[in-house]
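Student: Could you take me through one part of this model at close range? I would like to see how a single residue sits among its neighbours, and then what lies around that spot.

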Amino acid sequence: MAQLSASPNPVGIYGTGKGQTFVSWQTEDPRGAAGIIYVSENQGAEVPIPGQGAGAPGGTNLPLDVSLGSSYRLSLKRTTDNMELQSLVVSTYDLRQELAAGFAQSYVAPARPQMITNLVVKPGIDTVRISFRTNLPTIPTTEIRLDNGTWVDGRMPLFGGLRRRHQVEFGIETALLINRKHSFRIEAFGPTNDPASPNKAVVTGEFITGRRDVDVFYEMLDVHDDSDSTGSGELSFAFGVGDVETGAMLGNPGFLMQDISDDDPPIDLGIKLPLTDVHRELWLQVIASEDDGDPWGGIHARGIRPVYDGPGGKYEDDGQTEFV
């Protein structure tokens with residue numbers, strides 16, 4: 001007999017988010033006929049679940065995205081004659097409501113109501129660590145928003161199990177906006193004896209991320225090859241710094257135009273590029289050009305301006321001007 005299963009089923013989804021189940025099947029056909037899994041959402045048209053290719057006699061862990069409030073009928077059909085071999089229905093439920101109801105039933109007339117205590121919020125430059133305790137063991141939810149209400153991130157540590165001590169961190173992988181006010185909201189499920197919120201304790205607050213100000217110095221220039229066999233090179237330099245995340249240059253670049261020989265001693269530049277509220281990664285770039293056709297240097301001949309094009313260096317020669 002053909003087999004068709006989906007795990008998990010039903011799928012618990014927190015709030016209005018998305019969920020996923022994984023489908024496995026075997027046609028158990030004596031001739032090894034392949035099968036295709038079709039899905040119908042809310043009794044709509046059947047469509048093949050993506051990622052199956054031309055079909056196979058069996059498979060495991062085929063992902064299927066689901067949404068809260070929808071049901072999904074799965075049908076395993078033989079590819080040779082489109083005959084349905086097995087079917088099942090995948091349903092969804094609101095995990096937040098289930099947790100609230102479960103905690104309310106588990107803690108009937110508790111000695112202490114659910115409360116959030118010992119709250120400590122430690123913002124960094126582009127991170128924040130939030131720790132707290134609850135009177136009753138729970139799996140809390142914590143969300144972060146910008147001051148304009150835009151949702152940033154959320155945590156619900158299901159795999160940590162029920163506990164009284166809690167800690168969450170935001171901004172470790174994806175940095176929070178710096179020098180910006182954020183709001184947070186913590187919900188800890190459990191009976192509270194509060195008619196306004198009987199099944200969960202709620203705490204909200206605000207914090208401001210820090211600043212990251214950087215001064216970039218270009219201190220010394222040493223020319224090893226002036227690219228001019230008859231005298232000093234007519235050299236132009238541009239010094240820039242920018243944001244790796246956006247690629248944009250920050251502030252105004254520094255420039256130097258000067259006749260320099262590779263026999264000359266190093267030059268003290270003293271170029272300082274001050275930056276405020278910068279991200280974690282910066283790019284720095286120096287562009288050097290030598291133009292024998294222009295006595296005033298390459299800046300007037302063609303113009304050079306730092307622009308982020310990835311790490312490393314490159315060399316260009318258009319026949320009159322050399323760029324490094």
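Tutor: Happy to! Let's start from Leu74. Setting aside residues up to four places away in sequence, Leu74 touches Leu4, Ala6, Val23, Ile37, Tyr38, Val39, Ile49, Leu64, Gln86, Ser87, Leu88 and Val90. Keep in mind that this is a predicted model.

Several of those names return when we look at the largest nonpolar core, which has 18 residues. Leu74 is among the members that touch the most others, together with Leu4, Val23, Ile37, Ile49, Leu64 and Val90. The elements giving two or more residues to this core are strand 1 (3-7), strand 2 (11-13), strand 3 (18-26), strand 4 (35-41), strand 6 (58-67), strand 7 (72-78) and strand 8 (84-90). In soluble globular proteins, nonpolar side chains tend to be buried together.

Now move one step along, to Ser75, which is placed in strand 7. Is this serine buried or exposed? Ser75 counts as buried because its relative accessibility is 0%, and the cut-off for buried is under 20%. Its side chain makes a polar contact of 2.6 Å with the side chain of Glu84. Glu84 also appears in the list of residues that Ser75 touches, along with Leu4, Ile36, Ile37, Tyr38, Glu46, Gln86 and Ser87, again leaving out residues up to four places away in sequence. Tyr38 has another partner worth a look: Lys77 lies over the face of its ring, at 5.2 Å from the ring centre.

Apart from the core around Leu74 lies another one, of 17 residues, including Tyr218, Val223, Phe239 and Leu269. Here the aromatic rings deserve your attention, as the structure holds two aromatic pairs. Tyr218 and Phe239 form a tilted pair, with 5.0 Å from centre to centre and 50° between the planes. This pair links distant parts of the chain, since Tyr218 belongs to strand 17 (residues 214-221) and Phe239 to strand 18 (residues 233-243), 21 residues apart. Tyr218 is buried with a relative accessible area of 10%, and Phe239 is buried with 2%. The rings of Phe237 and Phe239 have centres 6.2 Å apart and planes at 20°, so that pair is stacked. Phe237 is buried too, like Phe239, and ring pairs join Tyr218, Phe237 and Phe239 into a cluster.

To place all this in the whole chain: the secondary structure comes to two helices and 23 strands, and 39% of the 324 residues count as buried.

Notes. Residues numbered from 1 in each chain as written. Predicted model: local features only at pLDDT ≥ 70, side-chain atom pairs only at ≥ 80, totals over all residues. Heavy atoms only, no water. Helix = DSSP H or I, 4+ residues; strand = E, 2+ residues; numbered from the N terminus. Buried < 20%, exposed > 50% of the residue type's maximum accessible area, 1.4 Å probe, protein only. Core = buried A, V, L, I, M, F, W, Y, C linked by side-chain atoms within 4.5 Å. Contact = heavy atoms within 4.5 Å. Polar contact = N/O pair within 3.5 Å; in protein donor to acceptor, adjacent residues only side chain to side chain. Phe/Tyr/Trp six-rings, centres within 6.5 Å; stacked < 30°, edge-to-face > 60°. Lys NZ or Arg CZ within 6 Å of the ring centre and 35° of its normal.
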